[in-house]
Amino acid sequence: MLPLEGRQVQSPPLPFPPQRATAATSQQGLNGTASSKRHHAFAATTDGPSARNRGPNNFNGGASSTWGRTGGTRVFVRKMEKVCNYWVQGNCSYGDKCKFLHCWSMGDSFSLLTQLDGHQKVVSGIALPSGSDKLYTGSKDQTVRVWDCQSGQCLGVIINLGGEVGCMISEGPWVFVGIPDVVMAWNTQTNSELSLSGPVGQVYALVVGNDLLFAGTQDGSILAWKFNAVTNCFEPAASLKGHTLAVVSLVVGANRLYSGSMDHSIRVWSLETLQCIQTLTEHTSVVMSVLCWDQFLLSCSLDQQLKVWVATQSGNLEVTYTHKEEHGLITLCGMHDSEAKPVLLCACNDNTVRVYDLPAFSERGKIFSKEEIRAIQVGPGGLFFTGDGTGQVKVWKWVAEQAPTA
């Protein structure tokens, strides 16, 4: 078992077979009430457990099998869907008459609470450890920053990591950080630190499943460790081979491990035998992100396609719906809005995040950024976080939609 200090650990959602699973994210612990003061925009309490941060990859959305075929057409249209550069610099003379956007988002269902500045390069990981009132962010500037959820202030910077942060997740009180040739493991309750050696090159993806920690590496392998409570160490458990290029995305669901790679494929691994049981080759470019949603697997790629997979009677996955974008897709994140409706956030390499109602894939808004958004993390209480290529972390909150007036 992973060392979770005797706390009960929630099982991951099981997308196959099609029974309803438990949502991976708790809704207790943070009070996301908006504030006009920048450093008081996402306050935390310790009344309940913080959101489990298994990553934006395991989600129970309650979606039906009618992906992309039903629902409304809530599409927001504007002449110029581009943020005004002068507005960003604080000196646009056109004001409300400007034909470019004077905001970081379009849509009335969510709002920007605050912005966390400090990282100098792209934010590659965001984590909220269980039972903690701290937010952890990792960057390719080779640092991890720790933020106080009460004030929004940076409490400290972890430097000298030895390389760029390729990914970050948390499991219980543990924070795992992938850097070149090493996975760092920090226990936020005991302040203990471990270094897990074995990876070759940059570690791009991390996930926990079946009491194992998995790491996707630059050489195409997936390494696994198991915690030994006697020695208080993580011990090597397996090395999964099959991908020919780097593994950049991992997710666990239904006793399966799913891995997306730069070799354009998704491999399905049995968590019992750690053997590859299926290889999916429908994408034509890097598979950037994979996500489990009820009985479905979602994948996105730089080939500008988002695919929805479902298990057939034989147990194999087949594409049931393909959603096409105008730009390459970077990362997926599933959550519920303020009315408990399933929503998909999809980051594209045109510096935007599309926000879709599911299962219809009707667009309800967009988030804009100066550079690509590479990390999205769900928080409790309707919060979610985005990290982009400039090093900025933005805190967002779902708000109740206004009822139309007569």
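Strands in this tour are DSSP runs of at least two residues, numbered from the N terminus. The model to be examined is predicted.

**The whole chain**

Begin with the entire protein in a cartoon view. The chain contains 1 helix and 32 strands. Of its 406 residues, 58% are buried. Among contacts with a separation of 6 or more, 50% are made by residues 24 or more positions apart. A surface display shows about 16,900 Å² of exposed area, of which carbon and sulfur atoms supply 48%.

**The annotated repeats**

Select residues 116–157 and 240–279 next. An unreviewed UniProt entry places the feature "repeat: WD" at these two spans. Within residues 240–279, strand accounts for 57% and helix for 0%, and the end C-alpha atoms lie 14 Å apart.

**The sheet of strands 10 to 13**

Proceed to the open sheet in which 4 strands follow the order 10-11-12-13 with antiparallel pairing. Strand 10 (167–171) and strand 13 (193–197) are the edge strands, and each pairs on one side only. From one strand to the next, the twist averages 20°. To inspect one pairing in detail, select strand 10 together with strand 11 (residues 174–179), which are joined in the antiparallel sense by 5 bridges. Display Cys 167 here: its bridge partner in strand 11 is Gly 178.

**The sheet of strands 14 to 17**

Another open sheet of 4 strands has the order 14-15-16-17, and its pairing is also antiparallel. Strand 14 (203–209) and strand 17 (233–240) each have a single partner strand, so one side of each lacks a neighbour in the sheet. The twist in this sheet averages 25° from one strand to the next. Select strand 16 (residues 222–228) with strand 17: the two run antiparallel and are joined by 7 bridges. Within this pairing, Phe 227 has Phe 234 of strand 17 as its bridge partner. In general, strands of a sheet pair through backbone hydrogen bonds, either parallel or antiparallel.

**An aromatic cluster**

Show the side chains of the aromatic residues. The structure holds 12 aromatic pairs. Select Phe 110 and Trp 398, whose ring centres are 5.4 Å apart. Why is this pair classed as edge-to-face? The planes of Phe 110 and Trp 398 stand at 75°, and an angle over 60 degrees counts as edge-to-face. The two residues belong to distant parts of the chain: Phe 110 lies in strand 5 (residues 110–116) and Trp 398 in strand 32 (residues 393–398), 288 residues apart. Both Phe 110 and Trp 398 are buried. Add Phe 384 and Trp 396 to the selection, and the cluster linked by ring pairs with Phe 110 and Trp 398 comes into view.

**Backbone exceptions in two loops**

Two loops merit a view of the backbone. Most residues other than glycine have a negative phi, and most peptide bonds are trans.

Select first the loop between strand 28 (352–357) and strand 29 (362–368), where Pro 359 is found. The peptide bond that joins Leu 358 and Pro 359 is cis, with omega of about 10°. Phe 361 is found in this loop between strand 28 and strand 29 as well, and has a positive phi of about 60° although it is not a glycine. Is Phe 361 buried or exposed? Phe 361 has a relative accessible area of 7% and is therefore buried, the limit being under 20%.

Move then to Ala 254, in the loop between strand 18 (247–253) and strand 19 (256–261). Ala 254 is another residue other than glycine with a positive phi, near 55°. With a relative accessible area of 13%, Ala 254 is buried.

**Ile 277 and its surroundings**

Finish at Ile 277, which is placed in strand 21 (residues 276–280). The relative accessibility of Ile 277 is 44%, so this residue counts as partly exposed. Which residues does Ile 277 touch, not counting those up to four places away in sequence? They are Arg 256, Val 268 and Ser 270. A distance may also be drawn from Ile 277 to Gly 315: these residues are 38 residues apart along the chain, and their C-alpha atoms are separated by 10.0 Å.

Technical notes:
Residues are numbered from 1 along each chain as its sequence is written. This is a predicted model: local features need pLDDT of at least 70, side-chain atom pairs count only at pLDDT 80 or more; totals for chains, interfaces and linings use all residues. Side-chain values use heavy atoms; hydrogens and water are left out. UniProt positions are given in the numbering used here, feature names are shortened, and annotations may be inferred rather than shown by experiment. Rings of Phe, Tyr and Trp (its six-membered ring) pair if their centres lie within 6.5 Å; planes under 30 degrees apart count as stacked, over 60 as edge-to-face and the rest as tilted. Buried means under 20% relative accessible area, exposed over 50%, partly exposed in between (1.4 Å probe, protein chains only). Contact means heavy atoms within 4.5 Å. Accessible areas come from the Shrake-Rupley method with a 1.4 Å probe; for residues, only the protein chains shown count as cover. Two strands pair if DSSP finds at least two bridges between them. Axes are lines fitted to C-alpha atoms, for helices over the stretch in contact, and angles run from 0 to 180 degrees between N-to-C directions.
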